[in-house]
Amino acid sequence: MDVEKIRKEFPILHQTVNGRDLVYLDNAATSQKPLVVIDALTDYYKGYNANIHRGIHTLAEKATKAFEQTRHTAKQYINAASEQEIIFTRGVTEGINLVATSYGRTFVKEGDEIIVSELEHHSNIVPWQFVCEEKNATLKVIPVNDNGELDLDTYRKLLSSKTKIVSVNHASNSLGTINPIKEIIRLAHEVGAVVFIDGAQAGAHLEIDVQDLDCDFYAVSAHKMYGPTGTGFLYGKKEQLEKMPPYHGGGEMIKEVTFKKTTYNDLPYKFEAGTPNIGDVVAFKYAMDFITGLGRETMAAYEHELLLYATERVSKLKGVKLIGTAAHKVSVLSFTVDGIHPFDIGQMLDARGIAVRTGHHCTQPLMDRYEIEGTVRASFAIYNTKKEVDQLVEGLERIINFMK
Ligand code: PMP
């Protein structure tokens with residue numbers, strides 16, 4: 001892995017912040033974008049910006065082809081059975097809201113249950129709460145153990161014929177835990193529930209084969225996969241998507257509109273109302289190609305090496321407590337430091353050009369589980385280096401000594 005060569009493809013990394021070389025360790029929030037992605041976006045706006053699907057002129061055809069090419073790449077990326085199963089969204093949040101609204105409001109009835117886990121991002125809690133409130137259904141929660149791993153024994157006990165939906169993440173954004181989703185899916189199917197997988201933290205780091213997993217829904221955000229913000233896709237099994245009502249009404253999602261009755265378009269367009277985020281979808285293909293070109297396994301191995309190195313060095317610092325020590329993790333390192341607020345650490349690291357995230361990471365119930373307000377989170381991507389981990393450790397050492 002020639003990291004120096006890879007770094008050259010990310011212009012944003014080559015700048016100083018507060019007088020120091022930027023060390024960007026906030027990749028779980030959003031990853032930086034390589035030139036191929038930035039160029040794809042500007043090429044689209046400079047060369048063939050046009051509305052898609054409707055036009056017969058050359059630019060419209062070119063834009064439509066590029067947009068649909070991303071759908072093809074997305075299908076391959078997660079090994080979906082058909083391009084009809086790929087719906088473009090604004091990101092994972094919209095993917096979850098789409099399924100909660102369309103599937104949830106149609107198939108969840110009074111007295112039913114929806115299961116999420118204690119590891120979930122707010123976006124994988126709140127939309128299900130909406131459904132439960134409206135339908136008088138109950139939200140059940142799979143607890144985590146002290147290491148940040150899901151308690152599967154309790155999960156088995158929570159499952160019953162009342163369970164209609166199980167929704168968990170593939171990997172946790174706060175702790176990095178990789179969840180045993182294949183087993184979670186298998187168990188849910190035994191009681192007839194459908195399973196939604198929030199792949200926000202997996203998209204750039206883990207192999208995803210939706211047919212092998214047999215999940216019903218899987219969502220990713222492009223911006224966490226070296227792609228643009230404001231786009232992503234939802235995978236849905238065709239048989240599920242076919243029986244779901246549309247989410248948004250508008251242009252493109254219809255077959256025929258009269259004031260008496262409207263009929264809906266075929267998949268996937270039934271779920272893509274209005275003009276989509278064409279330029280960003282077009283550029284998203286180049287982000288997936290970037291990852292596939294380097295190889296997800298190779299990337300994951302390198303990131304894991306960085307994680308192990310960082311875990312070993314950071315855990316030795318005075319007063320540091322790691323939060324989340326699961327056996328299987330993506331490259332996320334969360335910790336607290338005795339007597340120093342995470343926010344202060346984040347600010348003092350920023351003064352040294354080091355970008356980390358601090359706070360509850362949109363997982364307040366998980367923070368409650370550990371009885372903490374938040375953590376400091378360093379998360380690694382393919383362009384990070386051991387030297388940057390050393391800079392983080394040196395910064396933390398100084399802050400800890402200064403504050404004591
Ligand atoms: N789930 C997880 C695990 C996440 O990390 C995030 C983003 N932090 C989301 C959902 C929401 O993703 P987005 O904001 O891209 O819609």
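A pocket, on a 1 Å grid over the protein atoms alone, is an open set of points with protein on both sides within 12 Å along at least five of seven lines, and a molecule sits in one if more than half of its atoms lie within 2 Å of its grid points. With that in mind, the space taken by the ligand here is the largest pocket.

Before going on, I should say that this is a predicted model, in which local features need pLDDT of at least 70 and side-chain atom pairs count only at pLDDT 80 or more, while totals for chains, interfaces and linings use all residues. Residues are numbered from 1 along each chain as its sequence is written, and side-chain values use heavy atoms, with hydrogens and water left out.

Around the ligand, counting residues with a heavy atom within 4 Å of it, we find G91, V92, T93, H121, S123, N173, D198, A200, Q201, S221, H223 and K224. By class this shell has two nonpolar, eight polar and two charged residues, where Gly is counted as polar.

As for polar contacts, meaning pairs of N or O atoms within 3.5 Å, a ligand nitrogen is 3.3 Å from a side-chain N or O atom of H121, whereas a ligand oxygen is 2.8 Å from such an atom in Q201, and a ligand oxygen is 2.6 Å from one in S221. The protein covers 85% of the 400 Å² of accessible area that the ligand has on its own, by the Shrake-Rupley method with a 1.4 Å probe.

Turning to salt bridges, defined as a side-chain nitrogen of Lys or Arg within 4 Å of a carboxyl oxygen of Asp or Glu, the structure holds 23. One of them joins R105 and E134 at 2.9 Å, N to O; since R105 lies in helix 4 (residues 92-107) and E134 in helix 5 (residues 126-135), the pair ties together parts 29 residues apart in sequence, helices being DSSP runs of H or I with at least four residues, and strands runs of E with at least two.

Finally, the backbone: the peptide bond from L267 to P268 is cis, with omega near 0 degrees.

Key:
A polar contact is a pair of N or O atoms within 3.5 Å; within protein, one must be able to donate a hydrogen and the other to accept it, and residues adjacent in sequence count only if both atoms are side-chain atoms. On a 1 Å grid over the protein atoms alone, a cavity is a set of points where a 1.4 Å probe fits but cannot get out, and a pocket is an open set with protein on both sides within 12 Å along at least five of seven lines; lining residues have an atom within 4 Å of a point.
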